[in-house]
Amino acid sequence: MPVAEAVALLARLARPVAPVGVELAAAVGAVAARDVAIGAGLPVRRTALRDGWAVKAAEVVGASPYAPVMVARAPAWVEAGAPLPAGTDALLAPDAIGDDPRWIEAEVAAGEGTRAPDAELPAGARLVAAGERVTPLQGLALAAAGCTGLDVRRPSLRILAAAPEGAPDALSPLLRAWIAAAGGTAVIEHRPVDRQDLAAALLAPGADGVLVVGGTGPGRCDASAAALAQAGRLDAHGIALRPGESAGFGEAAGRPVLLLPGRSDAALAAWLALGRPLVAALAGAAPELAAILPLTRKVSSIIGLTEVVFLRRLASGAEPVGGAETPLHRLARADAALLVPPAHEGYPAGTPVEVLPL
């Protein structure tokens, strides 16, 4: 099955999860379920951006140490963040007055050193849009606006590590971290490579989607596809993806199931091509802007397959480190990837390409 067709079918299986209300601190990193806009603008009154003397700028025009200007009332000292007294619109530096506080030795422009009413957070300004992953800076703005909680979509996934008993599992923790970075949560369960056991695990409640890692090939002990067919429906087994040809997907217990190969490079390629869109669909996430970098070396690809090339981002651009059958010592250097469409034979050096960060 072509990758584009597989992604479209997966998106139809992955209905956005229901919104849940969480405290603001817990919302950072999750996908917002609704727009959040400012009601009343902030600050309500003009406030100080730094410590200084509050004055009306028009009353100190031309003031200098050689020609101080006398004001009718000594200026008030204001700390950073505090509102300015009525009738003032600017802040003088701490050393801008003489021995007599009514004599001003520096002029200042109206508004200098201050924040105007509604300028920090204008009324009606949208701080978060539905489908956006809430960033720490958005959390800062929301807290300043008095927001204490947020409705988010945070899909929960179960990772079934289908490997021989006692075999090391390095892929599942990595996938769990990437799911968290995409705004979801994941739990890992280690399952022996057994069709009946896997089928039962696929039907267990408590997750919005399931990833099965390993057991997708044609080997005698590979039972993931058969287990999914037994537990629900196998929509595809064999994707036009290199590496990652043995990936598959379907549905069990009313939720999407993605089958990932057990080899590191193939599993990561299938995650990039299929897993990330799946989690985004479950979270109701808006499409993310792709980074564009020039290739430092040419990339060759096979017509008819979507080929995943792992990259390392440098100051000069994106350096290819390998594609199919990339050994782990090279794969460990990658921090991004490129998906070469099936109609391309590759790209020459210097070509700007869309880069997916890892």
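Guide: A polar contact is a pair of N or O atoms within 3.5 Å, and within protein one of the two must be able to donate a hydrogen while the other can accept it. The model we are looking at is a predicted one.

Visitor: Which side chain is joined to that of Glu 319 by a polar contact of 3.5 Å?

Guide: Glu 319 is found in strand β23, which covers residues 317-322. Leaving aside neighbours within four places in sequence, Glu 319 is in contact with several residues, including Thr 296, Phe 310 and Arg 333. The side chain that shares the polar contact of 3.5 Å with Glu 319 belongs to Arg 297.

Visitor: Is Glu 319 buried or exposed?

Guide: A residue counts as buried when its relative accessible area is under 20%. Glu 319 has a relative accessible area of 18%, and therefore it is buried.

Visitor: How are the planes of Trp 53 and Trp 77 arranged in their aromatic pair?

Guide: A search of the whole structure finds 2 aromatic pairs. In the pair of Trp 53 and Trp 77, the centres are 5.1 Å apart and the angle between the planes is 75°. Because planes over 60 degrees apart count as edge-to-face, the arrangement of Trp 53 and Trp 77 is edge-to-face.

Visitor: How far apart in sequence are the parts that the pair of Trp 178 and Trp 271 ties together?

Guide: Trp 178 and Trp 271 form a stacked pair, with 6.5 Å from centre to centre and 20° between the planes. Trp 178 lies in helix α4 (residues 171-181) and Trp 271 in helix α7 (residues 264-283), so the parts tied together are apart in sequence by 93 residues.

Technical notes:
Residues are numbered from 1 along each chain as its sequence is written. This is a predicted model: local features need pLDDT of at least 70, side-chain atom pairs count only at pLDDT 80 or more; totals for chains, interfaces and linings use all residues. Side-chain values use heavy atoms; hydrogens and water are left out. Helices (H or I, at least four residues) and strands (E, at least two) are DSSP runs, numbered from the N terminus. Buried means under 20% relative accessible area, exposed over 50%, partly exposed in between (1.4 Å probe, protein chains only). Contact means heavy atoms within 4.5 Å. Rings of Phe, Tyr and Trp (its six-membered ring) pair if their centres lie within 6.5 Å; planes under 30 degrees apart count as stacked, over 60 as edge-to-face and the rest as tilted.
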